[in-house]
Structures are given as structure tokens and as C-alpha cells.
Amino acid sequence: MAKKRKKTRGRHGLQVVTLCISTTLVLILLGMVVFSVLTARNLSAYVKENLTVTVLLDDDVSVNEAHGLCRELYHRPYVRHIDYISKEAAQKEQTEAMGSDPSEFLGFNPFAATLELRLKSDYANRESLQWISKEIEKRPGVTSVSYQEDLMDKVNNNLQRLSFILLALAVLLTCVSFSLINNSVRLSVYSRRFLIHTMKLVGASWGFIRRPFLRRAVGVGLVAALLACGALGAGICFLFDYEPNLAAFITWREMTVVGVSVFVFGIVITALCAYFSVNRFLRMTAGELYKI
């Protein structure tokens with residue numbers, strides 16, 4: 001009898017280990033999707049905020065007036081950063097690029113002073129740039145405002161398409177993950193279906209019967225989440241070693257959100273699956289239990 005009990009306990013322990021491993025693998029996939037979505041959002045903001053809007057200034061605008069215009073624009077809600085390029089700096093830059101100085105045969109500096117604006121990501125779109133350009137052009141000393149409209153539209157369209165793809169992948173993988181974890185939990189509960197029926201026969205309430213299964217499911221979810229977070233953390237460290245520039249897109253906030261998401265998914269999904277699986281067997285009669 002003791003040998004049979006020991007064998008049954010060992011089988012249940014193996015089921016728990018198997019459930020924990022399968023749940024860990026699923027949570028790693030979910031964490032990777034959440035991580036990809038957050039990283040793509042940061043990458044989108046980074047790309048948008050590095051698109052440049054060029055403001056050409058009149059030749060008679062002095063350096064002090066240009067700096068005053070910079071200070072005024074800095075107070076606008078759409079500006080993230082401004083670079084002032086004087087006529088002399090523009091001449092030097094173009095001379096280095098072309099290999100010759102145009103002022104030597106023209107007799108004057110043909111380049112205008114400019115302001116290079118980098119906008120906040122929320123304003124880096126066609127509609128916002130139209131009214132921003134009109135607003136800046138009304139300021140004294142401004143000749144024109146230019147930006148790469150086609151490039152801006154292409155970047156926004158590609159980023160929007162990428163966001164939809166990642167969102168669809170996240171929804172699909174969430175459904176698949178729930179199905180996989182549900183099957184694993186159901187198999188674990190299935191092996192104890194007669195124990196559930198016996199407890200029901202002796203008068204135990206459904207809540208009392210469910211409690212140990214829910215407790216074990218939550219424990220498995222916690223352990224699986226810890227293992228998944230460890231694996232994801234190791235993967236992120238490897239990415240940092242391979243490409244240090246990724247630190248611009250991956251911050252502690254993103255990693256915290258990924259970790260919290262993995263724990264929430266791990267606990268909620270395993271608990272819900274255990275709850276529904278136990279309820280399924282609680283509703284069955286003895287004859288139905290023998291037929292499945």
C-alpha cells in the first residue's frame with residue numbers, strides 16, 4: 001500500500017514538473033511578445049523624434065535674434081530639441097562635403113543660417129507638421145520651413161503596420177498560450193478526478209475541493225513566471241552585450257512591465273484554467289467520469 005502511495009505521489013510530482021516546464025515555455029513566448037511590442041513603441045518614438053524639420057532664416061537675422069527665436073520655439077509643446085547652424089558653420093560643413101569653397105568664386109557666402117528642429121513623437125505626422133510649419137513661417141526672420149514629407153509618411157505607415165502586426169501576434173499568442181496551459185492543467189486535474197468525486201460524495205463544498213487545486217496552480221504559475229523572467233533577463237543581457245545601443249530603446253520601465261506581465265499571465269491563466277477544469281469534473285456524475 002505504501003509503495004502504491006509513493007508511486008502515485010511520484011506521478012503527481014512529475015505532472016507538476018511537466019506543467020511547470022510547459023507553462024514556463026509559454027510565458028517566455030508571451031514575455032517576448034510584450035517585450036517586442038514595448039521595444040517597437042520606443043523604436044517608433046526614437047525614429048520620429050530624429051526626423052528633422054529645417055527652418056531657413058533671413059540673411060539679416062543676427063546671431064542674438066536667432067538665439068532668441070530658439071528660446072521662443074523651445075517653449076512650444078511640439079519641440080524636443082533645436083540645433084542652430086550659423087552661416088559660417090553651414091559654409092564649413094558644405095565645403096568639407098563638396099571639397100571646395102563656393103564663396104571663393106562667388107565672392108560671398110551663399111549659405112543661410114538654419115534651425116534644425118526635432119519634434120516630439122506625437123507631432124511627427126503630416127497633419128501636425130502642416131500647422132507647425134504655418135506657425136513658424138509667420139515668425140519674423142523665417143524664410144521657409146522644409147521637411148521630408150514623403151519620408152515622414154513612409155516612416156509613419158511602416159511603424160503603424162508593424163504595430164498592427166505585433167498587436168495581432170500578441171492576441172493570437174495569448175489565445176494559444178491559454179489553450180496550451182489549459183490543456184496542461186486539465187491533464188493534471190484529470191488524474192485526480194476520482195478524488196474530486198469522492199470529496200464531493202462525503203459532503204465537501206465545491207470551494208473546499210477547488211482550494212488545493214487553485215493553490216497548486218498559483219504556485220506553479222509563480223515558479224514558471226520566475227523561471228520565465230530569468231530566461232528573459234538572460235536574453236536581454238545577451239542583447240545588451242551584442243548591441244549596446246539597444247539601451248536607447250530598452251529601459252528599466254520596459255523590463256519591469258515585461259516582468260509584471262509575465263507574473264500576471266502566469267498566475268491568472270493557471271488559476272483560471274484550474275478553476276474551470278475542477279468545475280468541469282465537479283459537474284460530472286460517477287458514470288461520466290468512467291466514460292472519459
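**Exercise 1. Find which residues of the largest nonpolar core touch the most other members, and which helices supply this core.**

Solution. Start with the core itself: it holds 38 residues, and those touching the most other members are Leu 27, Val 185, Val 189, Ile 196, Ile 209, Val 258 and Val 262. Keep in mind that you are working with a predicted model.

Next, look at where the members come from. At least two residues of this core are supplied by each of α1 (2-49), α6 (149-190), α7 (193-201), α8 (206-242) and α9 (252-282). The top contributor is α1, which gives 10 residues.

Then notice a second core lying apart from this one; it has 20 residues, among them Val 61, Tyr 78, Leu 119 and Ile 136.

To finish, zoom in on Ile 196. Once neighbours within four places in sequence are set aside, Ile 196 is in contact with Val 189, Ile 209, Phe 213, Val 278, Phe 281 and Leu 282.

**Exercise 2. Work out the strand order of the sheet and decide which strands stand at its edges.**

Solution. First, the order: 4 strands make an open sheet arranged β2-β3-β1-β4, with antiparallel pairing. Second, the edges: β2 (79-85) and β4 (142-147) each have a single partner strand, so each has one side without a neighbour in the sheet. Third, the twist: on average, neighbouring strands are turned by 20 degrees against each other, direction ignored.

Now follow the pairings of β1. Strand β1 (residues 52-57) runs antiparallel to β4 and is joined to it by 5 bridges. With β3, β1 also pairs in the antiparallel sense, over 5 bridges.

Thr 54 is a handy place to check this picture. Opposite Thr 54 stands Ser 146 in β4, and Thr 54 also stands opposite Glu 116 in β3. For Val 53, the bridge partner in β4 is Tyr 147.

**Exercise 3. Sort the side chains of β1 by face, and name the helices that lie across the sheet strands.**

Solution. Begin with the alternation. Val 53, Val 55 and Leu 57 point to one face of β1 and are buried, whereas Thr 52, Thr 54 and Leu 56 point to the other and are not buried.

Move on to the helices. Helix α2 (residues 63-74) lies across β1, β2, β3 (114-119) and β4, and runs at about 170 degrees to β2. Helix α5 (residues 126-137) lies across β1, β3 and β4, at about 165 degrees to β4.

**Exercise 4. Classify the ring pairs Tyr 123 with Trp 131 and Tyr 275 with Phe 276 as stacked, tilted or edge-to-face.**

Solution. The chain has 4 aromatic pairs in total. You need one cut-off here: planes over 60 degrees apart count as edge-to-face.

Take the first pair. The ring centres of Tyr 123 and Trp 131 are 6.3 Å apart and the planes stand at 75 degrees, so this pair is edge-to-face. Tyr 123, with a relative accessible area of 23%, is partly exposed, and so is Trp 131, at 37%. Together with Tyr 78, these two residues form one aromatic cluster.

Now the second pair. Tyr 275 and Phe 276 have ring centres 5.7 Å apart and planes at 75 degrees, so this pair is edge-to-face as well. Tyr 275 is partly exposed at 32% relative accessible area, and Phe 276 is partly exposed at 48%.

**Exercise 5. Decide whether Glu 254 is buried or exposed, and list what it touches.**

Solution. Locate the residue first: Glu 254 sits in helix α9. Then apply the cut-off, under 20% relative accessible area for buried. Glu 254 has a relative accessibility of 2%, so it counts as buried. Not counting residues up to four places away in sequence, Glu 254 touches Leu 38, Arg 41, Asn 42 and Phe 249.

**Exercise 6. Describe the chain as a whole: its secondary structure, burial, contacts and surface.**

Solution. Count the elements: the chain has 10 helices and 4 strands. In sequence order they follow α-β-α-β-α-α-β-α-β-α-α-α-α-α.

Turn to burial: 37% of the 292 residues count as buried. For contacts with a separation of 6 or more, 81% join residues 24 or more positions apart. Lastly, the accessible surface is about 17,400 Å², and carbon and sulfur atoms account for 63% of that surface.

Conventions. Residues are numbered from 1 along each chain as its sequence is written. This is a predicted model: local features need pLDDT of at least 70, side-chain atom pairs count only at pLDDT 80 or more; totals for chains, interfaces and linings use all residues. Side-chain values use heavy atoms; hydrogens and water are left out. Two strands pair if DSSP finds at least two bridges between them. Axes are lines fitted to C-alpha atoms, for helices over the stretch in contact, and angles run from 0 to 180 degrees between N-to-C directions. Contact means heavy atoms within 4.5 Å. Buried means under 20% relative accessible area, exposed over 50%, partly exposed in between (1.4 Å probe, protein chains only). A nonpolar core is a set of buried Ala, Val, Leu, Ile, Met, Phe, Trp, Tyr and Cys residues joined through side-chain atoms within 4.5 Å. Rings of Phe, Tyr and Trp (its six-membered ring) pair if their centres lie within 6.5 Å; planes under 30 degrees apart count as stacked, over 60 as edge-to-face and the rest as tilted. Accessible areas come from the Shrake-Rupley method with a 1.4 Å probe; for residues, only the protein chains shown count as cover.
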